[in-house]
Amino acid sequence: MNKPLPTTHPRLATGASRHLAMRASLATLGLIALLCLIGPLASGHPYDQVYRDYVLVRPSLFAHPDATETREALEGIARRMRVRVEALRQDGEVVHLAFSADRPIDTRALRAFERSDVFGPARIVETSDKGRRLSVDVPAKRTVFLFGTDTNGRDLFTRTLIAGRISLAVGLLASFLALTIGVAYGAVAGYAGGRIDALMMRIVEIVYALPFIFFVIVLVMVFGRHFVLIFIAIGAVEWLDMARIVRGQALSIKQRDFVAAAEALGASAPAILWRHVIPNAAGPIAAFLAVLVPRVILLESFVSFLGLGVQEPLTSWGVLVADGARNIQGSIHLLIFPALFLGATLGALQSLGNAWHGSPGAGHH
């Protein structure tokens with residue numbers, strides 16, 4: 001009887017699934033980063049521009065204004081002009097209007113159309129009844145709000161992508177700060193050993209005992225609310241875990257024969273750290289870094305959610321999620337889109353970290 005053909009080895013299948021997860025995570029992160037980079041340039045709406053006639057507009061693939069928005073904007077202009085709307089007819093992108101009033105209409109009031117987000121400059125077609133009746137043609141501005149607008153009438157699509165720039169920048173730069181401090185501190189402590197190691201680790205434990213939010217509040221009270229403080233606050237706390245990981249690796253690596261050979265040849269301590277200790281600890285460092293970046297982004301979002309992070313008119317995903325949570329009953333789109341971008345980024349980074357940590361050879365150089 002013929003024996004069944006051997007199937008794929010479980011370890012090879014697991015490795016293939018990890019590589020697939022890494023590629024999918026990198027593709028997701030690349031797409032989000034590309035959208036955040038070029039999306040605001042293609043949206044046509046500045047992130048801080050307020051559209052007074054488009055407050056809390058629903059997400060739409062179609063151009064605004066619709067018939068309801070046209071009528072509401074026109075009624076507002078008529079009230080400011082103190083006139084009555086006698087006729088309204090829209091022919092394509094041109095709106096034909098007829099006004100009447102109890103006294104002659106001041107045509108200078110037609111400048112209200114130029115200041116509107118719905119209409120363009122008005123053109124007088126006919127004046128009758130001693131100026132008490134006025135017929136005008138006004139073009140309707142056509143614009144699209146893909147994600148809708150917020151409570152101030154700002155385009156949510158542009159603000160979500162600008163927020164992505166801020167959140168990703170905080171995640172990368174604060175992680176780089178934590179990486180630099182943590183690797184240097186942990187490598188020195190682990191290689192030095194003895195009393196120096198004990199003293200340096202006691203400092204780490206003392207700083208570790210400080211609540212993160214308390215540290216942020218102290219910085220805000222001393223230096224005021226500034227964007228750079230987010231990097232300092234997060235980087236000054238997140239390097240502690242990195243230092244512990246590198247210190248453990250350094251304690252193990254310094255017992256290796258190649259370190260003893262380098263010492264016997266007269267290599268200095270900085271040279272040994274730079275050429276031997278840190279490169280051989282690169283695997284765990286890279287794996288932890290992939291986990292650190294999403295944690296930093298989540299911390300920034302939490303700080304901004306509390307109102308201690310990014311300030312207007314700039315924004316971040318944490319700020320947008322906080323705004324969406326406050327308006328969840330009437331305008332759920334304010335919460336859905338920033339939360340989707342934030343969740344996709346954190347999920348991709350977490351998946352990338354897990355795939356890297358479990359990949360063959362990670363941490364062994």
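Biologist: Trp317 and Phe341, are they buried or exposed?

Modeller: In this predicted model, both Trp317 and Phe341 are buried.

Biologist: How many aromatic pairs does a search of the whole structure find?

Modeller: The search finds nine aromatic pairs. One of them is formed by Trp317 and Phe341, with 6.3 Å from centre to centre and 40° between the planes, which makes the pair tilted.

Biologist: Where do Trp317 and Phe341 sit in the chain?

Modeller: Trp317 is in helix α11 (residues 317-326) and Phe341 is in helix α12 (residues 333-358). They are 24 residues apart, and the pair links distant parts of the chain.

Biologist: And which residues form the aromatic cluster with them?

Modeller: Phe147, Phe157 and Phe337 join Trp317 and Phe341 in one aromatic cluster.

Biologist: Changing topic. How many residues are in the largest nonpolar core?

Modeller: That core has 44 residues, and Ile234 and Met242 have the most contacts inside it. The elements giving it two or more residues are α4 (156-192), α5 (194-209), α6 (212-223), α7 (227-253), α8 (257-264), α9 (269-280) and α10 (282-305).

Biologist: Which one gives the largest share?

Modeller: α7 does, with 12 residues.

Biologist: What does Ile234 touch, beyond residues up to four places away in sequence?

Modeller: Ile234 touches Val170, Ala174, Phe212, Val296, Leu299 and Glu300.

Biologist: How many residues are in the other core, the one lying apart from it?

Modeller: The other core has 25 residues, among them Leu156, Val293, Phe337 and Leu342. Phe337 is also in the aromatic cluster mentioned above.

Biologist: On to helix packing. At what angle do α4 and α9 cross?

Modeller: Their axes cross at roughly 110° and come within 11 Å. α4 and α9 are therefore roughly perpendicular to each other.

Biologist: Which residues meet there?

Modeller: From α4 there are Val183, Ala187, Val188 and Tyr191, and from α9 there are Ala269, Ile272, Leu273, Val277 and Ile278. By class, that contact has nine nonpolar residues, with no polar and no charged ones.

Biologist: What about α4 and α5, at what angle do they pack?

Modeller: The angle is about 145°, and the axes are 7 Å apart. On the α4 side the contact is made by Tyr185, Val188, Ala189, Gly190 and Ala192. On the α5 side it is made by Gly194, Ile196, Asp197, Met200, Met201, Ile203 and Val204.

Biologist: How do the residues of that contact divide by class?

Modeller: The contact of α4 with α5 has nine nonpolar residues, two polar and one charged. Val188 is in this contact and also in the contact with α9.

Biologist: Now Phe288. Which helix is it found in?

Modeller: Phe288 is in helix α10. It counts as buried because its relative accessibility is 14%, and the cut-off for buried is under 20%.

Biologist: Which residues is Phe288 in contact with, leaving aside neighbours within four places in sequence?

Modeller: Phe288 is in contact with Asp241, Met242, Ile245 and Arg295. Met242 is one of the two residues with the most contacts inside the largest nonpolar core.

Biologist: Last one, Phe113. Where is its place?

Modeller: Phe113 is in helix α3 (residues 111-114). Phe113 is buried, with a relative accessible area of 0%.

Biologist: And what does Phe113 touch, not counting residues up to four places away in sequence?

Modeller: Phe113 touches Leu74, Ile77, Met81, Leu97, Phe99, Phe119, Gly120, Ala122 and Val138. The C-alpha atoms of Phe113 and Ala140 are separated by 9.9 Å, with their places 27 residues apart along the chain.

Notes: Residues are numbered from 1 along each chain as its sequence is written. This is a predicted model: local features need pLDDT of at least 70, side-chain atom pairs count only at pLDDT 80 or more; totals for chains, interfaces and linings use all residues. Side-chain values use heavy atoms; hydrogens and water are left out. A nonpolar core is a set of buried Ala, Val, Leu, Ile, Met, Phe, Trp, Tyr and Cys residues joined through side-chain atoms within 4.5 Å. Buried means under 20% relative accessible area, exposed over 50%, partly exposed in between (1.4 Å probe, protein chains only). Helices (H or I, at least four residues) and strands (E, at least two) are DSSP runs, numbered from the N terminus. Contact means heavy atoms within 4.5 Å. Axes are lines fitted to C-alpha atoms, for helices over the stretch in contact, and angles run from 0 to 180 degrees between N-to-C directions. Angles under 35 degrees count as roughly parallel, over 145 as roughly antiparallel, 65 to 115 as roughly perpendicular and the rest as oblique. Ala, Val, Leu, Ile, Met, Phe, Trp, Tyr, Cys and Pro count as nonpolar, Asp, Glu, Lys and Arg as charged, and the others, Gly among them, as polar. Rings of Phe, Tyr and Trp (its six-membered ring) pair if their centres lie within 6.5 Å; planes under 30 degrees apart count as stacked, over 60 as edge-to-face and the rest as tilted.
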